[in-house]
Amino acid sequence: MTAVTEERPAPDPAPERMPALYLSHGAPPLADDPVWPGELAAWSADLPRPKAILVVSAHWEEAPLALGAVRTIPLVYDFWGFPEHYYQVRYEAPGAPQLADSVRKLLRAPGMPVQDVPDRGLDHGAYVPLVEMYPTADIPVLQISMPTLDPTKLMDIGRRLAPLRDEGVLIVGSGFFTHNLAALRHSGVPSWSAEFDVWGHEALESGDTDGLLDFLHRSPAAHLAHPRTEHFAPLFVTMGAADAVGELGDQRSVIDGFWLGLAKRSVQFG
């Protein structure tokens, strides 16, 4: 009698390590820009498809570090004075409870509590770019807060989150490379925005991590480019997620240029 060999399905291949991104997310009118939405869509098309997306947005500062909703709930329209149709945008991405569990395990430590805010939906720093990058809203998304603006501490958070990249999670720091709304009241690109953008690009290209961490003292016009630093701060979470696997040198600016005088430089590590 011939033995029958049972065929077993091949195991699923290990997920490809996802890059880590810092993107300039734009205000709600980003959707009406003739160039920027296409740049974001082309960027996402060039990436491996994520199993989930973890977003750190400039628009959620809360300590202790907080995890947002793990189910689909209404968006946070955290802006004022815009035409009504911007408040009608929907992005009903699946929640990410498994990713939230992983984040808790990676981040909870003595002196680093993690809290849940189950009624906190995605803010515009998360959903505005995701609408352009993943418009079908079929990838689970989790947003976490920034518990501090200290660059060194944010890099440490990014390092702790780095293992998620090997599980197919796209880590996104969402801010703006320069962010001073005074620029919106002037035509053209202010000199401080252009100077900071050039300095930041060169610091990234040369791997000047110390300079970036101390950007308020080492960069030109830093206090004009960032009167508050919350829009530059997500970069350091992204840098930490890259540094943990030795990829700080493997970076490139995918999007550059200016929008209403603000630098929209957006960077990919890995």
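These legends go with a set of close-up views of a predicted model.

**View 1. Here is the largest nonpolar core and some of its best-connected residues.** This core has 80 residues, and those with the most contacts inside it are Leu54, Val103 and Leu161. Helix 9, which runs over residues 234-243, gives the most to the core, with 6 residues. Take Val103 as a place to start looking: leaving aside its neighbours within four places in sequence, Val103 is in contact with Leu54 and Leu161, and also with Leu67, Leu142, Ile144 and Leu164. As background, nonpolar side chains in soluble globular proteins tend to be buried together.

**View 2. Helix 3 is mostly covered.** Of the 10 residues in this helix (124-133), 9 are buried. They are His124, Gly125, Ala126, Tyr127, Val128, Pro129, Leu130, Glu132 and Met133. What sits over them? The cover includes strand 1 (20-24), strand 2 (52-61), strand 5 (141-146) and strand 6 (169-175), along with helix 1 (36-45). At the N-terminal end, look for Asp123, which caps helix 3: one of its side-chain oxygens lies 2.9 Å from the backbone nitrogen of Gly125.

**View 3. Ser57 meets Asp123 through a polar contact between side chains.** The distance for this contact is 2.9 Å. Ser57 lies in strand 2 and counts as buried because its relative accessible area is 0%, under the 20% cut-off. Not counting residues up to four places away in sequence, Ser57 touches Asp123, Gly125 and Ala126, as well as Gln143, Ile144, Met146, Ser174 and Pro234. Asp123, then, shows up in two views: here as a partner of Ser57, and in the one before as the cap of helix 3.

**View 4. Ala52 is another residue of strand 2.** Ala52 has a relative accessible area of 9%, so this residue is buried too. How far apart are the C-alpha atoms of Ala52 and Gln98 in space? They are 9.6 Å apart, while the two residues are 46 residues apart in sequence. Beyond its neighbours within four places in sequence, Ala52 is in contact with Leu99, Ile139, Pro140, Gly168, Val169 and Leu170.

**View 5. Helix 4 keeps its buried residues on the same side.** In this helix (residues 151-161), the buried residues are Pro151, Leu154, Met155, Ile157, Gly158 and Leu161. They cover an arc of only 155 degrees around the axis, and that is why they end up on the same side of helix 4. Leu161 may ring a bell, since it is one of the residues with the most contacts inside the largest nonpolar core. At the start of the helix, a side-chain oxygen of Asp150 comes within 2.8 Å of the backbone nitrogen of Thr152.

**View 6. Aromatic rings gather around Phe177 and its cluster partners.** The cluster is made up of Tyr22, Phe177, Phe196, Trp199, Phe215, Phe232 and Phe236. Over the ring of Phe177 sits the charged end of Arg265, 6.0 Å from the ring centre. Asp197, found in helix 5 (residues 191-206), is in contact with both Phe177 and Arg265, and also with Phe258 and Ala263, leaving aside its neighbours within four places in sequence. Asp197 is buried, at a relative accessible area of 5%.

**View 7. Phe79 and Tyr87 form a tilted aromatic pair.** This is one of 18 aromatic pairs in the structure. The two ring centres are 4.9 Å apart, with 40 degrees between the planes. Phe79 counts as buried, because its relative accessibility is 5%.

Note on methods:
Residues numbered from 1 in each chain as written. Predicted model: local features only at pLDDT ≥ 70, side-chain atom pairs only at ≥ 80, totals over all residues. Heavy atoms only, no water. Core = buried A, V, L, I, M, F, W, Y, C linked by side-chain atoms within 4.5 Å. Buried < 20%, exposed > 50% of the residue type's maximum accessible area, 1.4 Å probe, protein only. Helix = DSSP H or I, 4+ residues; strand = E, 2+ residues; numbered from the N terminus. Contact = heavy atoms within 4.5 Å. Polar contact = N/O pair within 3.5 Å; in protein donor to acceptor, adjacent residues only side chain to side chain. Phe/Tyr/Trp six-rings, centres within 6.5 Å; stacked < 30°, edge-to-face > 60°. Lys NZ or Arg CZ within 6 Å of the ring centre and 35° of its normal. Arc of directions from axis to C-beta.
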